[in-house]
Amino acid sequence: MASSSASSWREGMSSDNIKGLCLALSSSFFIGASFIVKKKGLKKAGASGLRAGSGGYSYLYEPLWWVGMITMIVGEIANFAAYAFAPAILVTPLGALSIIISAALAHIILRERLHIFGILGCVLCVVGSTTIVLHAPQEREIESVTEVWDLAMEPAFLLYAALVITATFILIFHFIPLYGQTHIMVYIGVCSLVGSLTVMSVKALGIAIKLTLSGMNQLIFPQTWAFTLVVTACVLTQMNYLNKALDTFNTAVVSPIYYVMFTTFTIVASVIMFKDWDRQSPTQVITEICGFVTILSGTFLLHKTKDMADGLQTSPSIRLAKHSEEDGFDGGEGIPLRRQESMRST
């Protein structure tokens, strides 16, 4: 019985989906572990020199920090490769697993207590991820980067891209000057909207590289270089405003909101461009949505309880100080949402 169910599961997933799944899982492991290794390196460097939060760069001479940085780069490369093999609706939500790995390793290595509700959040993320993996759509067979370009040029996706670009410009030129320092959704909105276009372009570029390595040269097509330019522009924009969000607001607030919005817009973009749900039954689509909602619930629960110990949540000032230390900052104003409000009011 068990062997027959295992064989049916393998038959249900294409070889490309399995490769993408393995790459996405390895990416989550490397990225989750990199946070712990980098933090250990920062602590070790701060003990013998000026802390990063105080403007020091002693961590650049700490081998442990570089091990963490290399580990993160390996994870990002694996994540990039995963999009070349599997649909974004499978790869993107699995990013939540890096949060679980980071929390578990922090509990074991850094002795940062994981509350019982945090463990429940991890379980929910695993359940949701498993649900999505078991019901993920098959990857579309693509033999040339020009096919991806044709998908991007269809009216539905052009409309989506136009709406995203218009909304992004409105946020950047109108809302950010007025509300960027006080409303967290402004910066994260830009990151998430642009991020959905980033993933679609990364997937196209990944497919081009995969086909080129298999003997079908895609570098001769101008579409490959067009996608490369889009990836570069989108990544620079996305990272710029994500850094602004992290510098202005508490990481514990930014991380779950960004994950939810970025993953949601990415799934919407993938469904429109690659028509992932057209090849699935309504039951499969609903099951995937339920799995995604389960992951979101686990992510919020894990972040909400990450500072709780013995059933009591720490005070806002202690909570902010903890996250400030994790981000390389030494002090905090005692306000859990905004780091710089007290500075602006003086």
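Which residues in H10 are buried? In this predicted model, the list is made up of Gln223, Thr224, Phe227, Val231, Cys234, Gln238, Tyr241, Leu242, Ala245 and Thr248. Helix H10 itself takes in residues 222-248, 27 residues in all. Its length works out nicely: at 1.5 Å a residue the helix should span 39 Å, and its end C-alpha atoms are 39 Å apart, so the two values agree.

Next come the spans taken from the record. An unreviewed UniProt entry lists residues 20-37, 64-82, 89-110, 116-136, 157-178, 184-207, 219-241 and 253-274 under "transmembrane region". In the model, residues 253-274 are 100% helix and 0% strand, with end C-alpha atoms 32 Å apart. For residues 89-110, the figures are 73% helix and 0% strand, and the end C-alpha atoms lie 33 Å apart.

Valine 253 sits in helix H11, which covers residues 251-274. Is valine 253 buried or partly exposed? Its relative accessibility is 21%, and buried means under 20%, so valine 253 counts as partly exposed. Along the sequence, 69 residues separate valine 253 from isoleucine 184, yet in space the two are 8.6 Å apart, C-alpha to C-alpha.

Over in helix H6 (residues 116-135) there is isoleucine 119. This residue counts as partly exposed because its relative accessibility is 39%. Isoleucine 119 also helps make a nonpolar surface patch of about 520 Å², together with Ile116, Phe117, Leu120, Val123 and Val127.

Conventions:
Residues numbered from 1 in each chain as written. Predicted model: local features only at pLDDT ≥ 70, side-chain atom pairs only at ≥ 80, totals over all residues. Heavy atoms only, no water. Patch = residues over 30% accessible without salt bridge, like charges linked within 9 Å, V, L, I, M, F, W, Y side chains within 5 Å. Areas by Shrake-Rupley, 256 points an atom, 1.4 Å probe, with all protein chains shown as cover. Salt bridge = Lys/Arg side-chain N within 4 Å of Asp/Glu carboxyl O. Helix = DSSP H or I, 4+ residues; strand = E, 2+ residues; numbered from the N terminus. Buried < 20%, exposed > 50% of the residue type's maximum accessible area, 1.4 Å probe, protein only. Expected span 1.5 Å × (residues − 1). UniProt positions renumbered as here; feature names shortened; annotations may be inferred.
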